[in-house]
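Here's a quick briefing to read alongside the structure. Grab a coffee and have the viewer open.

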Amino acid sequence: MKKRKIAVSLLIAGGLASPLAQATNGYLPIGYGVKNEGMGGVGIALPQDSLAAAVNPAGMVMVGDRADVGLTLFRPNRDLTISGNGAGMNGSYSGNGRTNFLVPNLGYNKMINPDMSLGVSIYGNGGMNTQYNNNPLTPIGGQGAAGVNLAQLFISPTWSMKLNDKHSIGVAINFAYQTFSAQGLQPFDNAGFSAHPGSVTNNGTDSSTGIGIRLGWTGQVTDMVTLGATFQPKTKMSKFSKYSGLFADGGSFDIPATYGAGVAVKANQQTTIGFDVVKIQYSGVSSVGNSAGLPPPQFGAAGGPGFAWQDMTVYKLGFAYAYDSNLTLRAGFNHNSQQIGSNAAFINFLAPGVVQNHLTLGSTWKMADKSELSVAYIHAFSQTVTGPIPGPLGAGNASIRMHEDSIGVMYGW
């Protein structure tokens, strides 16, 4: 038990200190916790561990007394190609100045009576990283490497209760912490482009905090079918003051609202099939959803330019098969609608979260002491978005590409 407490403490410290750069559905992960990831992110009506609150807090009362601690190795591959540009930016550029990211997560749940639980889930809510050591903006005044690093951490205490033997509800309070840094964007750090020159680039790492909420419900409607629903309103975050000249509304970067519904079907004694649909309202966050057009208005101004991300709809399909009493196998597929239009391709070389299709595999092995070890693999297939570069920057075309791989392991008891 002492070793487990030490491991949990180290992972909490690592989660607060490390860049939790994880991006698949835009800049949000497809799932939370290794079991969830192995089924394509399915979990609204299918809680499996103490990370369930990240998907649907109503599921926590269904998983009983347990703790889980995990670590995921995430490897994104992102690059940019520019052609026909009159300012001299033509060429191919790699955004992989950093390629490996470790993402810790953990959860704990305690039944305070047979119908009520209290728990906490700690996890990376998402992020985005690019580092172009060969800066594509160099011909127009960029200096050094170019890129951004965004990381979001949630600490979510959760209360969940069974209304009866078929239905449960839950609420999670999300204490959100995020960090951001940008470099190499000197061409935009002037009064012609920014409302706050000097607060656009190369100002080190800034941080932001906020408090939000997630609500959820699950209901077993037949012996075979369970339904679920969840809603998380937009989380208002404090501003990135060091980057008030980059993000709209003086450095605002809120966390978008999400909501979704799911179904889990017990097809037979060994097989469970799950399907979720989730909506991510990226357009409701000014610095993400505002038009990517060049000033006016200036970057950082009220209503200033963003990354022109559209709302995203995510479809998740997952399968779990109990091979025997000790081994469960999982597989899943995750597809999202493209949130980056061709008109915003160039500005999104900083955040090329364009992947749409993900294949996942996973398994859990139960040990003699009733603890368990789970693994999951995710592959996000390569996707490209191509569009025009604004005339004032020399015109031409930009193509942004990304594919991703991750492998995670989680120990539960």
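**Strands, cores and a surface patch**

Strand 11 and strand 12 form a hairpin, with four residues linking them. Keep in mind that this is a predicted model. Below, the notes go from strand pairing to the cores, then to the surface and one histidine.

**Strand pairing around strand 11**

- On one side of the story, strand 11 (312–322) pairs with strand 10 in the antiparallel sense, over 10 bridges.
- Want a spot to click on? Thr272 has Ala320, in strand 11, as its bridge partner.
- Strand 11 also runs antiparallel to strand 12 (residues 327–336), and nine bridges join the two.
- For that pairing, look at Gly318, which stands opposite Gly332 in strand 12.

**Nonpolar cores**

- The largest nonpolar core has 65 residues.
- Which residues have the most contacts inside it? They are Tyr27, Phe180 and Phe346.
- Several elements give two or more residues to this core, among them strand 1 (66–83), strand 4 (116–132), strand 5 (146–162) and strand 6 (167–183).
- Strand 10 (271–280), strand 11, strand 14 (372–388) and strand 15 (397–412) are also on that list.
- There's a second, separate core of six residues, including Met39, Leu46, Ala264 and Ala320.
- So Ala320 turns up twice here, because it belongs to that second core, whose members are buried nonpolar residues, and it is also the bridge partner of Thr272.

**The nonpolar surface patch**

- A nonpolar patch of about 890 Å² sits on the surface.
- Its residues include Leu71, Leu73, Leu102, Leu361, Trp365, Met367 and Leu373.
- Val375, Tyr377, Ile407 and Val409 belong to the patch as well.
- Strand 1, strand 13 (357–366), strand 14 and strand 15 each supply at least two of the patch residues.
- Which strand gives the most? That's strand 14, with three residues.
- Met367 is in the loop between strand 13 and strand 14.
- Why does Met367 count as partly exposed? Its relative accessible area is 31%, and partly exposed covers the range between under 20% (buried) and over 50% (exposed).

**A look at His167**

- His167 is found in strand 6.
- With a relative accessible area of 25%, His167 is partly exposed, because the cut-off for buried is under 20%.
- What does His167 touch, leaving out residues up to four places away in sequence? Its contacts are Met161, Lys162, Trp217, Thr218 and Gly219.
- His167 and Asn100 are 67 residues apart in sequence, and their C-alpha atoms are 41 Å apart in space.

Notes:
Residues numbered from 1 in each chain as written. Predicted model: local features only at pLDDT ≥ 70, side-chain atom pairs only at ≥ 80, totals over all residues. Heavy atoms only, no water. Core = buried A, V, L, I, M, F, W, Y, C linked by side-chain atoms within 4.5 Å. Buried < 20%, exposed > 50% of the residue type's maximum accessible area, 1.4 Å probe, protein only. Patch = residues over 30% accessible without salt bridge, like charges linked within 9 Å, V, L, I, M, F, W, Y side chains within 5 Å. Areas by Shrake-Rupley, 256 points an atom, 1.4 Å probe, with all protein chains shown as cover. Salt bridge = Lys/Arg side-chain N within 4 Å of Asp/Glu carboxyl O. Pairing = 2+ DSSP bridges. Contact = heavy atoms within 4.5 Å.
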